[in-house]
Amino acid sequence: MSAPSMTLYYNPASPFSRKVLVLLHETGQTNRVSLKPVNVTPVNPNNDLCQENPAGKLPALCLADGNVLHDSRVILDYLDHQHVGNPLIPREGSARWRRLTLASLADALLDAAVLIRYETFLRPAQKQWAEWLDNQQEKIARSLSYFEQEAVTELSSHFDIASISLAAGLGYLDLRQPDLGWRSRYPRLGAWYYEVCQRPSMIATQPPA
Ligand SMILES: N[C@@H](CCC(=O)N[C@@H](CS)C(=O)NCC(=O)O)C(=O)O
């Protein structure tokens, strides 16, 4: 087996990192990437990571030729061009725009969930902004409702960019908001998520408890 030619800055609890890891597993590319775990928050940047990605965010993928790719959307697109199986991002047609739009909505859910985490975990309690938190939570609720009512059947058809992004999002909600109770409000999504969690790629990338 040849040595990994790429390095991924990641964190096992980061849902954006998990998207990359799931795609690597799904496309049989895990042995091409060495993993570099880093802890990072907006108030605790990592110097090595900032050298590679000036935004200071995970994930970042360092290629063999010295180029660095970020953010997760770009990395997934790149890695999806590096395997010979069926693409996980449709290359053309209406499927491409639909699946990318669903993936983008899942990313928006993730952005809101990560921002809530920063606001509640990092910011001193007396400085937290309840209205802002409520509106981030509303973004999550609206997105879940959309997936439940408009997209769950489509999601079931392929495990691709859209499904990977949403699965990472639901996993992150379970990690950071275990009392949210989203499964009772969105039962079809709950059933879909139960199924996708049986996939080896999801089992291998579970965030730490
Ligand atoms: N749009 C970015 C979001 C990445 C992101 O927010 N990563 C978080 C970790 S889950 C991070 O690095 N936060 C540190 C910071 O915001 O400074 C992507 O898709 O990769």
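**Helix packing, domains and the ligand shell in a predicted model**

Good morning. I begin with helices α1 and α6, whose axes come within 9 Å and cross at roughly 135°. Please bear in mind throughout that this is a predicted model. At that angle α1 and α6 are oblique to each other, because roughly antiparallel is reserved for angles over 145 degrees. The crossing of α1 and α6 is right-handed. On the α1 side, the residues that meet α6 are Pro15, Arg18, Lys19, Val22 and Leu23. Their partners in α6 are Ile164, Ser165, Ala168, Gly169, Gly171 and Tyr172. Sorted by class, the contact of α1 with α6 has 6 nonpolar, 3 polar and 2 charged residues.

Helix α6 also packs against a second helix, and I turn to that pair now. Helix α4, residues 93–122, and helix α6, residues 161–176, pack with their axes 8 Å apart and at an angle of about 20°. An angle under 35 degrees counts as roughly parallel, and α4 is therefore roughly parallel to α6. The handedness of this crossing is left-handed, whereas that of α1 and α6 is right-handed. From α4, the contact draws on Arg99, Leu100, Leu102, Ala103, Ala106, Asp107, Leu109, Leu110, Ala113 and Arg117. From α6, the contributors are Ile161, Ala162, Ser165, Leu166, Ala168, Gly169, Tyr172, Leu173 and Arg176. In this contact of α4 with α6, 13 residues are nonpolar, 2 are polar and 4 are charged.

Ser165, Ala168, Gly169 and Tyr172 of α6 deserve a remark. These residues take part in the contact with α4, and they also meet α1.

The third pair is α5, residues 130–157, with α8, residues 187–196. Their axes come within 8 Å and cross at roughly 45°. That angle makes α5 oblique to α8. The crossing in which α5 passes α8 is left-handed. Here Leu144, Phe147, Glu148, Val152, Leu155 and Ser156 of α5 meet Arg188, Leu189 and Trp192 of α8. The classes in the contact of α5 with α8 are 6 nonpolar, 1 polar and 2 charged.

Let me move from helices to domains. The domain assignment divides the chain into domain 1, residues 6–80, and domain 2, residues 93–200. Between the C-alpha centres of the two domains there are 20 Å. How many residues of domain 1 are in contact with domain 2? There are 13, and they are in contact with 13 residues of domain 2. Helix α1 supplies the largest share of the domain 1 side, with 8 residues. That side of domain 1 comprises 8 nonpolar, 2 polar and 3 charged residues.

Next, the ligand. A shell of 15 residues surrounds the ligand, and the closest are Ser14, Pro42, Lys57, Asp71 and Ser72. Which elements give two or more residues to this shell? They are α1 (15–26), α3 (72–80) and α4. The shell around the ligand is made up of 7 nonpolar, 4 polar and 4 charged residues. Helix α1 thus appears both in the ligand shell and on the side of domain 1 that touches domain 2.

I close with the backbone, and with two cis peptide bonds. The bond from His70 to Asp71 is cis, with omega near 5°. Asp71 sits in the loop between β4 (68–69) and α3, and Asp71 is also among the residues closest to the ligand. The other cis peptide bond joins Leu58 and Pro59, where omega is about -5°. Pro59 belongs to the loop between α2 (47–52) and β3 (60–62).

To summarise the packing: α1 and α6 are oblique, α4 and α6 are roughly parallel, and α5 and α8 are oblique. Thank you.

Conventions
Residues are numbered from 1 along each chain as its sequence is written. This is a predicted model: local features need pLDDT of at least 70, side-chain atom pairs count only at pLDDT 80 or more; totals for chains, interfaces and linings use all residues. Axes are lines fitted to C-alpha atoms, for helices over the stretch in contact, and angles run from 0 to 180 degrees between N-to-C directions. Helices (H or I, at least four residues) and strands (E, at least two) are DSSP runs, numbered from the N terminus. Angles under 35 degrees count as roughly parallel, over 145 as roughly antiparallel, 65 to 115 as roughly perpendicular and the rest as oblique. A crossing is left-handed if the near helix is turned anticlockwise from the far one by less than a right angle, and right-handed if clockwise. Two residues are in contact if their C-beta atoms, placed from the backbone, lie within 7 Å. Ala, Val, Leu, Ile, Met, Phe, Trp, Tyr, Cys and Pro count as nonpolar, Asp, Glu, Lys and Arg as charged, and the others, Gly among them, as polar. A residue is near a molecule or strand if its C-beta atom, placed from the backbone, lies within 6 Å of it. Domain bounds come from an automatic or database domain assignment.
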